[in-house]
Amino acid sequence: MRAIRYDEFGDPAQVLGMADTDRPEPGPGQLLLRVIMSPIHNHDLWTIKGQYGVRPDLPATGGSEAVGIVEAVGRDVDPELTGKRVAAAGLAGSWAEYALAKAAAVIPVPEEMPDEAAAQLIAMPFSAITLLEFLNVEAGDWVIQTAANGAVGKIMTVLAEQRGIRLLNLVRRKGAAEELARMGITDIVSTDDDDWIDQARRIIGQDGARAAIDSVGGDVVSGLIELLGQDGLLVTFGTASNGPLEIPGSQLIFKQLTVKGFWGSKVMEATKPQDAQRMFGELIGLVMDGKLKLPSGGDFGLDQAAEAVNAATTPGRDGKIMFKP
């Protein structure tokens, strides 16, 4: 089969290339997907750079999520799954014509759901909904999120509205704020304004926010700490700035704040099956109702790895860049 492979860690646009490799065979508890579409996520690119929480053995195939048709099943897997269209994440190489998935982790998707949405149903949306539940907030509580114009940030705005949670959306540039405003999103503040903390305070009030989600790091974190209320929670979801978290100790002490890290794959593994089923039901319902939009930002063939990576890392795209074998 054809796959997008890399023999060394480095710049994805430089180290990725199409190669012929053996089609895998499903083992016990596994199934083989014929890949229809597979998105490029930031964590895929970090993995290829060797900067993610896991480092695959090399050579490796890129990609971690896909929608596909079940081509074959391994031992202890229901043969009725064969021929079904399913979404799958946590894959060890989805940028290929075929990929292996854990049978227990795939999600059958409705016929009416577009491939573009099904291909990205799990990683970002499920991270967002588990992250929201991780905060342990209730309707009426204020939550602050940085990188509100990112994939998880946009999904979070839909989930928060659905659950009655008030969300302050922080972005790093005015253009991103204008983009969100055009989407009908409100309570937006750009942190490139000198008075962004004052703007945020006027929105959330003097009592502060119940929780904050940070995907940026650096000096914005000190502002989040200032905006959190008593017994507030700061969750670090990413570090786009590559800067250390700037946390003023006095605020941490006197507000009795809690700081936690969130790694979606670990939280997903620990999620009870009944809770996962409930959350996926909510996500699928939002997609089918048109409230949660998961568009494609463009399709590329397996022979266009560099072009696809360049498109995925260019700001301003409307959706995820997809490989379509």
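Residues are called buried under 20% relative accessible area, exposed over 50%, and partly exposed in between (1.4 Å probe, protein chains only). The model here is predicted, so local features need pLDDT of at least 70 and side-chain atom pairs count only at pLDDT 80 or more, while totals for chains, interfaces and linings use all residues. Residues are numbered from 1 along each chain as its sequence is written, and side-chain values use heavy atoms, with hydrogens and water left out.

By that yardstick Asp-194 comes out as exposed, because its relative accessibility is 84%. Asp-194 sits in the loop between strand E11 (188-190) and helix H7 (196-204); helices (H or I, at least four residues) and strands (E, at least two) are DSSP runs, numbered from the N terminus. Together with Asp-195, Asp-198 and Glu-226, Asp-194 makes up a negative surface patch. Patch members have over 30% relative accessible area and no salt bridge, with like charges joined within 9 Å.

On to the salt bridges, where a side-chain nitrogen of Lys or Arg lies within 4 Å of a carboxyl oxygen of Asp or Glu. The whole structure turns up eleven of them. One of these pairs Glu-71 with Arg-34, with 3.4 Å between the closest N and O atoms. That contact ties strand E5 (residues 65-73), home of Glu-71, to strand E3 (residues 30-39), home of Arg-34, across 37 residues. Glu-71 is partly exposed at 33%, and Arg-34 is partly exposed at 36%.

In another bridge, Arg-163 meets Glu-282 with the closest N and O atoms 2.9 Å apart. Here helix H5 (residues 151-163) is linked to helix H11 (residues 273-288), the two partners being 119 residues apart. Arg-163 has 25% relative accessibility and so counts as partly exposed. Lys-174 also bridges to Asp-192, at 3.7 Å between the closest N and O atoms. Lys-174 belongs to helix H6 (residues 174-182), and Asp-192 to the loop between E11 and H7, 18 residues away. Shared partners join Glu-133, Arg-163, Asp-275, Arg-278 and Glu-282 into one salt-bridge network.

As for the rings, six aromatic pairs show up in the whole structure. Phe-134 and Phe-262 are an edge-to-face pair, because their ring centres are 5.2 Å apart and their planes are at 75°. Rings of Phe, Tyr and Trp (its six-membered ring) pair if their centres lie within 6.5 Å, with planes under 30 degrees apart counted as stacked, over 60 as edge-to-face and the rest as tilted. Phe-262 is buried at 6%, whereas Phe-134 is partly exposed at 28%. Phe-237 joins Phe-134 and Phe-262 in one aromatic cluster.

Note on methods: Patches are made of residues with over 30% relative accessible area and no salt bridge: like charges are joined within 9 Å, nonpolar side chains (Val, Leu, Ile, Met, Phe, Trp, Tyr) within 5 Å. Accessible areas come from the Shrake-Rupley method with a 1.4 Å probe; for residues, only the protein chains shown count as cover. Lys and Arg count as positive and Asp and Glu as negative; His and the chain ends are not counted. The place of a charge is taken as NZ of Lys, CZ of Arg, CG of Asp or CD of Glu.
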